[in-house]
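Q: I am new to this structure and would like a close look at one part. Could you walk me through the place where chain A meets chain B?

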There are 4 protein chains.
Amino acid sequence: MPSFDPARLDLANYAHQIFVETRFQDLDPLGHINNVALAGIFENGRVRFNHEMTHSTARPSAGERWLVARVEVNYLAEAHFPAPILIGNAIGQIGNRSWQILSVAFQNDRPVGLCDSTLVYQSSQGKSAISDILRAKLETLRLRTLR
Amino acid sequence: MPSFDPARLDLANYAHQIFVETRFQDLDPLGHINNVALAGIFENGRVRFNHEMTHSTARPSAGERWLVARVEVNYLAEAHFPAPILIGNAIGQIGNRSWQILSVAFQNDRPVGLCDSTLVYQSSQGKSAISDILRAKLETLRLRTLR
Amino acid sequence: MPSFDPARLDLANYAHQIFVETRFQDLDPLGHINNVALAGIFENGRVRFNHEMTHSTARPSAGERWLVARVEVNYLAEAHFPAPILIGNAIGQIGNRSWQILSVAFQNDRPVGLCDSTLVYQSSQGKSAISDILRAKLETLRLRTLR
Amino acid sequence: MPSFDPARLDLANYAHQIFVETRFQDLDPLGHINNVALAGIFENGRVRFNHEMTHSTARPSAGERWLVARVEVNYLAEAHFPAPILIGNAIGQIGNRSWQILSVAFQNDRPVGLCDSTLVYQSSQGKSAISDILRAKLETLRLRTLR
């Protein structure tokens with residue numbers, strides 16, 4: 001088992017927290033939440049984080065897209081149905097035209113997974129630098145230990 | 001865009017190759033194969049690789065399980081429906097009780113993703129060392145540049 | 001558009017009600033909840049109904065299974081992400097060894113779908129008659145207009 | 001078990017046939033293809049049928065949509081991973097602005113399900129009558145016993 005930065009397992013370090021329900025369809029023949037299903041649960045938490053974040057002026061304009069370039073999930077314990085999963089989301093590294101979303105998943109107060117995603121900003125002209133408005137917003141949402 | 005080992009993009013280095021069909025359900029509102037759906041396509045290719053591998057004596061016994069501990073997917077280009085996706089699978093690092101499956105996905109002769117998965121062997125007594133039979137089998141399936 | 005029994009669109013007639021979250025993965029290229037995804041949402045509501053119902057002595061014993069024999073979904077309006085969907089569940093016809101679960105889905109107070117499922121009881125000896133305990137429980141949960 | 005028109009179980013009566021791969025993700029805790037997953041497999045076969053059908057002039061124009069109004073699936077036997085599923089598709093009833101797609105699913109030469117779907121034509125002005133070109137095309141693809 002690799003060791004993880006303990007800060008990643010402390011919910012208090014995450015700017016955004018949301019419960020995601022588990023579904024019967026998340027289960028696989030081993031009777032636990034399938035690993036791809038957990039990636040889908042992380043995605044759902046991430047999308048809701050993005051929705052809330054972009055209620056501000058950070059919202060993408062027409063022709064702009066945020067594409068997922070990389071997703072790494074570390075599975076820490078088996079997750080089950082039907083208890084909900086609590087997702088914590090925060091911003092990690094911020095580059096010129098990409099940024100990281102760092103997430104943790106808890107079920108019944110026990111960490112079950114970590115997810116690091118990299119999003120890339122794409123304007124109608126292709127990959128572009130992040131706007132100043134978006135960058136400022138992202139800064140406010142960084143994992144607490146990175147601020 | 002991070003740079004990748006060019007050996008990972010050469011299908012000839014992968015011990016196992018299999019086409020996986022795309023499904024309408026893999027599409028998301030952006031009209032392309034969703035990133036979680038591509039993780040599911042990689043999983044499907046990996047499971048079929050494991051099935052073929054374990055037609056030999058490497059098969060898990062009753063009470064043994066192979067658990068997914070880590071999955072990293074790098075998205076290289078957008079994938080679409082309905083063309084199939086060609087998955088290449090090979091073994092990467094082999095540890096005491098875990099091993100890596102390295103995968104690549106091509107669609108219409110263009111690389112669309114890379115996937116690195118770590119599997120952990122679990123006997124009925126918990127995590128255990130990989131059996132000699134499984135280790136010998138895994139060695140024969142390593143990515144060509146790692147042999 | 002076929003016409004439906006108005007009683008099926010009145011939540012007050014359903015013995016069990018539960019909210020099911022929508023997920024980003026439920027969306028398809030038309031930007032709405034995919035029809036198969038809504039079937040999955042109905043399934044999830046149905047499984048939670050069964051779980052609550054079987055907290056009583058109606059629970060299946062070892063070797064028994066409840067198999068889905070038929071599912072009919074009528075799509076009444078487009079459903080969207082991220083609002084939750086409210087599912088109403090009740091029992092319909094009760095046969096010798098099968099029974100119906102009748103469900104309705106509302107989103108933002110508007111009916112979006114109806115689902116009629118038929119479950120078949122299977123003991124370790126194959127299809128069997130429903131136990132008296134299960135039958136009595138099912139009777140208490142019938143759609144109000146059928147009692 | 002309800003009885004079905006034997007003509008529905010004869011592949012020779014279906015105008016279109018296509019194999020759909022099963023995926024590991026189709027499996028549920030009972031170890032068989034989940035009922036919603038089979039609905040997704042039917043959808044995938046139906047979409048490919050529509051794609052092939054509309055290579056002719058029956059293709060929807062900009063602003064037009066084909067919406068799914070009703071899906072009924074009857075489950076005849078358990079289906080498993082990893083064998084592929086053979087889907088037969090044909091047109092059933094043709095109305096003023098809707099039509100039926102009738103499908104059957106076989107796995108290892110054994111019927112595992114029947115699916116009846118109703119599609120509704122929607123122009124940019126809302127629900128509209130089916131065009132003469134589409135109607136003529138649909139007629140040529142009816143279930144053999146309905147011609």
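A: Here is a tour of that contact, followed by a look at the strands behind it and at another pair of copies.

This is a predicted model, in which local features need pLDDT of at least 70 and side-chain atom pairs count only at pLDDT 80 or more, while totals for chains, interfaces and linings use all residues. Residues are numbered from 1 along each chain as its sequence is written, and chains are lettered from A and ligands numbered from 1 in the order in which they are written.

Let's begin with the contact as a whole. Chain A brings 15 residues to it and chain B brings 15 residues; two residues are in contact if their C-beta atoms, placed from the backbone, lie within 7 Å. On the side of chain A that touches chain B, helix H1 (35-53) and strand E2 (65-75) each supply at least two residues. Helices (H or I, at least four residues) and strands (E, at least two) are DSSP runs, numbered from the N terminus. E2(A) gives the most to this side, with nine residues. Sorted by class, the side of chain A that touches chain B has eight nonpolar, three polar and four charged residues. Here Ala, Val, Leu, Ile, Met, Phe, Trp, Tyr, Cys and Pro count as nonpolar, Asp, Glu, Lys and Arg as charged, and the others, Gly among them, as polar.

Now for the strands. E2(A) and strand E2 (residues 65-75) of chain B run antiparallel and are joined by five bridges; two strands pair if DSSP finds at least two bridges between them. Opposite A:Arg70 you will find B:Asn74 in E2(B).

The helices meet too. H1(A) packs against helix H1 (residues 35-53) of chain B at an angle of about 170°, with the axes 9 Å apart. That angle makes H1(A) roughly antiparallel to H1(B), a label used for angles over 145 degrees, with under 35 counting as roughly parallel, 65 to 115 as roughly perpendicular and the rest as oblique. Axes are lines fitted to C-alpha atoms, for helices over the stretch in contact, and angles run from 0 to 180 degrees between N-to-C directions. From H1(A), A:Val36, A:Ala39, A:Gly40 and A:Glu43 meet B:Val36, B:Ala39, B:Gly40 and B:Glu43 in H1(B). This helix contact has four nonpolar, two polar and two charged residues.

How are the two copies related? A turn of 180° with 0.0 Å of shift along its axis lays chain A on chain B, with an RMSD of 0.0 Å; copies are superposed by least squares on the C-alpha atoms of residues with pLDDT of at least 70 in both. In chain A, the C-alpha nearest that axis belongs to A:Glu72, 2.0 Å from it. Both copies use the same surface, as 100% of the contact residues of chain A recur in chain B.

Elsewhere in chain A, strand E1 (residues 16-20) pairs with strand E3 (residues 85-94) in the antiparallel sense over five bridges, and A:Val20 has A:Ile85 of E3(A) as its bridge partner. E3(A) also pairs antiparallel with strand E4 (residues 98-107) over seven bridges, and the two form a hairpin with three residues between them.

Finally, chain C can be laid on chain A by a turn of 180° and a shift of 0.0 Å along the axis, with an RMSD of 0.0 Å.
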